[in-house]
Amino acid sequence: MCGNNMSAPLPAIVPAARKATAAVIFLHGLGDTGHGWADTFAGIRIPHVKYICPHAPIMPVSLNLRMSMPSWFDIHGLSPDALEDESGIKRASENIKAMIDQEVKNGIPSHRIILGGFSQGGALSLYTALTIQQKLAGVVALSCWLPLRNSFPQASANSANKDIHVLQCHGDADPMVPFVFGTQTAEKMKSLINPSNITFKPYRGLSHCACPEEMVDIKRFIEKQLPPIRDE
């Protein structure tokens with residue numbers, strides 16, 4: 001989850017143990033791939049849920065001296081006033097929306113899909129959930145921030161997800177995406193959607209990674225938002 005793997009064009013998928021009636025689409029962080037997260041979700045799998053962990057395209061990243069690596073969009077800096085790649089963020093979000101559309105065509109309704117991600121992937125999942133026209137089951141946002149935050153609430157004026165449930169997790173010792181970014185993002189989210197549906201969970205001593213306790217919390221959130229359908 002914190003290291004690099006070779007990129008692959010097709011998403012890493014953990015299939016449901018029986019018929020898939022729900023899905024989790026989870027986006028990795030900068031410089032990573034979906035493989036590590038697929039392995040992690042395989043460890044907390046729920047029988048009727050399919051886990052899809054796509055790989056970001058390879059592109060030069062300004063933050064890392066224009067070196068090419070897996071990235072959903074360009075990042076210029078990690079300070080609150082850093083320039084943002086607006087066109088790249090919007091393009092990436094459209095690609096994720098197309099992925100959701102494909103799952104709907106495959107027979108899983110959007111309200112049975114949770115979107116999530118870690119770091120840059122979590123940022124993209126929050127932005128996408130606030131701008132998509134389809135109702136989602138929830139968002140899992142780990143160690144991240146809300147991109148293009150000054151474009152809201154205008155950008156979410158027509159969002160179908162005013163009442164979406166959000167689980168936001170952040171380590172209080174994160175050196176990459178400071179903990180205060182997480183708390184500020186949670187406050188911003190509470191101004192955009194039903195504040196009672198936002199859960200912000202801090203993890204003491206956790207850096208820019210996930211931990212077992214966090215994965216247990218994520219599994220509980222998925223179980224609550226994507227319960228089995230009675231005739232399964």
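## Phenylalanine 41 and its ring partners

Phenylalanine 41 counts as buried, with a relative accessibility of 1%. Keep in mind that this is a predicted model. One of its partners is tyrosine 51: the two ring centres sit 5.3 Å apart with planes at 15 degrees, so the pair is stacked. In chain terms, this pair links distant parts, since phenylalanine 41 belongs to helix 1 and tyrosine 51 to strand 3 (residues 49-53), 10 residues apart. Tyrosine 51 is buried too, just as phenylalanine 41 is.

## The rest of the aromatics

How many aromatic pairs does the count come to? The answer is seven. Among them is phenylalanine 26 with phenylalanine 41, whose ring centres are 5.0 Å apart; the planes meet at 65 degrees, so this one is edge-to-face. It also joins distant parts of the chain: phenylalanine 26 is in strand 2 (residues 22-27) and phenylalanine 41 in helix 1 (residues 35-42), with their positions 15 residues apart in numbering. Phenylalanine 26 is buried as well, at 1% relative accessible area.

Zooming out, Phe26, Phe41 and Tyr51 belong to one aromatic cluster that also takes in Trp37 and Phe118.

## Cysteines

Looking for disulfides? A search of the whole structure turns up zero. Take cysteine 211, which is in no disulfide: the nearest cysteine sulfur belongs to cysteine 169 and is 8.4 Å away, whereas a disulfide needs the two sulfur atoms within 2.5 Å.

Is cysteine 211 buried or exposed? Its relative accessible area is 15%, so cysteine 211 is buried, as buried means under 20%. Cysteine 53 is buried as well, with a relative accessible area of 1%.

Notes. Residues are numbered from 1 along each chain as its sequence is written. This is a predicted model: local features need pLDDT of at least 70, side-chain atom pairs count only at pLDDT 80 or more; totals for chains, interfaces and linings use all residues. Side-chain values use heavy atoms; hydrogens and water are left out. Buried means under 20% relative accessible area, exposed over 50%, partly exposed in between (1.4 Å probe, protein chains only). Rings of Phe, Tyr and Trp (its six-membered ring) pair if their centres lie within 6.5 Å; planes under 30 degrees apart count as stacked, over 60 as edge-to-face and the rest as tilted. Helices (H or I, at least four residues) and strands (E, at least two) are DSSP runs, numbered from the N terminus.
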